[in-house]
Amino acid sequence: MNIYIVIPAHNEDRCIGLMLQSLVEQTVLPKQVVVVNDNSTDSTEAIISKYTTAFPWIQSINIQSSIDHIPGTKVINAFYKGLETLDNDYDVLCKFDADIILPNTYLEAVIALFQSEDTVGIAGGLAYIKKGNIWVYETIASKKHVRGPFKAYRKECFEAIGGLKRSIGWDTLDVLLAQYYGWTIKTDTSLHVKHLKPTGKTYHKSSKFLQGEALYKMRFGIALTTLSALKSAVSRRSITYFIDTIQGYFKAQSHNITPLVTKEQGEFIRGIRWEGVKRKLGL
């Protein structure tokens, strides 16, 4: 399977070398990789250049955008800038972050996941963060969910869902839309991806209401939004997160922001979420 990878990178000089080194050490190499240097002001570009010089299947482009790390929009805009430089001759398209270290069998294992069933549309491993001297599971998502920093899409699935949305929540919505169109999601729990910067650590302060806005745009409704916000707030041990999410939802509603999904897709999404709630309650 031909694997293409796009890696957005903004001021990642402490991580990008580790990430690219983990790529070149894969047991199965990708066909093409493009690193999108997004307005970096540190030595990210110089580090990327070392790899593009040594490995012809790695290329890079430089783009200019906001210096603020706003979740969703910035990274997906950069992703599409990279995707535009690639041809369409891929079987699997990956969106990887610059702050991860892949196990050297990652791509080989991802191919195996796709080959295991024709219906597998999104595949990947699990994120681990460092606490003290050990790497522990980053507990902000189910182990059945493929996280945004290391997602792989079967070409037909990526096209069916209409690509990635330029909004926070894109890496939840893609999974939900994939299921809407009949695709399945598969993780290999033995694939431990080292996530060097825990989720949310570098987000700009203006992003605090965006999670609620994303839930509104996915047509969760206020009941599911409240449950989702409460669950995440407990995980983060932050009542402020809960309040900000609910405020973000109502801000989006008051401004009549256009949803990212149709009414039919929204109904499907709510159905999946309520089934998940019932399972956890043992109903």
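**Exercise 1. Which residues of H3 are buried?**

Before you start, keep in mind that this is a predicted model. List the covered residues of helix H3, then find what they pack against.

*Solution.* Start with the extent of the helix: H3 covers residues 73-83. Eight of its eleven residues are buried, so H3 counts as mostly covered. Going along the helix, the buried ones are Lys 74, Val 75, Ile 76, Ala 78, Phe 79, Tyr 80, Gly 82 and Leu 83. Next, look at the partners. On the strand side, these buried residues pack against E1, E2 (32-38), E3 (58-63) and E4 (92-96). On the helix side, they pack against H5 (155-160) and H6 (170-180).

**Exercise 2. Classify two aromatic pairs**

Work out the geometry of the pair Phe 79 and Tyr 80, then do it again for Tyr 180 and Tyr 181.

*Solution.* Ring centres within 6.5 Å make a pair, and planes over 60 degrees apart make it edge-to-face. With that rule, the model has 13 aromatic pairs. For Phe 79 and Tyr 80, the centres are 5.3 Å apart and the planes are at 75 degrees, so this pair is edge-to-face. Both Phe 79 and Tyr 80 are buried. Now for Tyr 180 and Tyr 181: the distance is 5.0 Å centre to centre and the planes are at 90 degrees, which gives edge-to-face again. As for burial, Tyr 180 is partly exposed at 30% relative accessible area, and Tyr 181 is partly exposed at 41%.

One last step: go back to Phe 79 and see what else joins in. Phe 79 and Tyr 80 belong to one aromatic cluster with Tyr 153 and Phe 158.

**Exercise 3. Find the charges over rings**

Locate the ring that sits under the charged end of Arg 236, and the one under the charged end of Lys 251.

*Solution.* Take the arginine to begin with. The charged end of Arg 236 sits over the ring of Tyr 241, at 4.3 Å from the ring centre. For the lysine, the ring belongs to Phe 209, and the charged end of Lys 251 is 5.0 Å from its centre.

**Exercise 4. Describe how H8 packs**

Characterise the packing of H8 (221-236) and H9 (239-254), then that of H8 and H10 (263-281).

*Solution.* Two packed helices are described by the angle between their axes and the distance between the axes. For H8 and H9, the angle is about 155 degrees and the axes are 8 Å apart. Angles over 145 degrees count as roughly antiparallel. H8 and H9 are therefore roughly antiparallel, and their crossing is right-handed. From H8, the contact uses Gly 221, Ile 222, Thr 225, Thr 226, Ala 229, Leu 230, Ser 232, Ala 233 and Arg 236. H9 brings Tyr 241, Phe 242, Thr 245, Ile 246, Tyr 249 and Phe 250. Notice that Arg 236 and Tyr 241 turn up here; they are the charge and ring from Exercise 3.

Now H8 and H10. Their axes come within 11 Å and cross at roughly 50 degrees. That makes H8 oblique to H10, and the crossing is left-handed. On the H8 side you find Ala 223, Leu 224, Leu 227 and Lys 231. They meet Arg 270, Arg 273, Trp 274, Val 277 and Lys 280 of H10.

**Exercise 5. Place two positive phi angles**

Say where Asn 11 and Arg 237 are found, and whether each is buried, partly exposed or exposed.

*Solution.* Most residues other than glycine have a negative phi. Asn 11 is not a glycine, yet its phi is positive, about 50 degrees. Asn 11 is in the loop between E1 (3-9) and H1 (16-24), and is partly exposed at 27%. Arg 237 also has a positive phi without being a glycine, about 55 degrees. Arg 237 is in the loop between H8 and H9. With a relative accessible area of 79%, Arg 237 is exposed.

**Exercise 6. Map the surroundings of Leu 113**

Which residues does Leu 113 contact beyond its neighbours within four places in sequence?

*Solution.* First place the residue: Leu 113 lies in H4 (106-116). At 9% relative accessible area, Leu 113 is buried. Its contacts are Val 120, Ala 123, Gly 124, Lys 186, Thr 187 and Asp 188. For a sense of scale, take Ile 239: it is 126 residues from Leu 113 in sequence and 38 Å away in space, C-alpha to C-alpha.

Note on methods:
Residues are numbered from 1 along each chain as its sequence is written. This is a predicted model: local features need pLDDT of at least 70, side-chain atom pairs count only at pLDDT 80 or more; totals for chains, interfaces and linings use all residues. Side-chain values use heavy atoms; hydrogens and water are left out. Rings of Phe, Tyr and Trp (its six-membered ring) pair if their centres lie within 6.5 Å; planes under 30 degrees apart count as stacked, over 60 as edge-to-face and the rest as tilted. Buried means under 20% relative accessible area, exposed over 50%, partly exposed in between (1.4 Å probe, protein chains only). A charge sits over a ring if NZ of Lys or CZ of Arg is within 6 Å of the ring centre and within 35 degrees of the ring normal. Helices (H or I, at least four residues) and strands (E, at least two) are DSSP runs, numbered from the N terminus. Contact means heavy atoms within 4.5 Å. Axes are lines fitted to C-alpha atoms, for helices over the stretch in contact, and angles run from 0 to 180 degrees between N-to-C directions. Angles under 35 degrees count as roughly parallel, over 145 as roughly antiparallel, 65 to 115 as roughly perpendicular and the rest as oblique. A crossing is left-handed if the near helix is turned anticlockwise from the far one by less than a right angle, and right-handed if clockwise.
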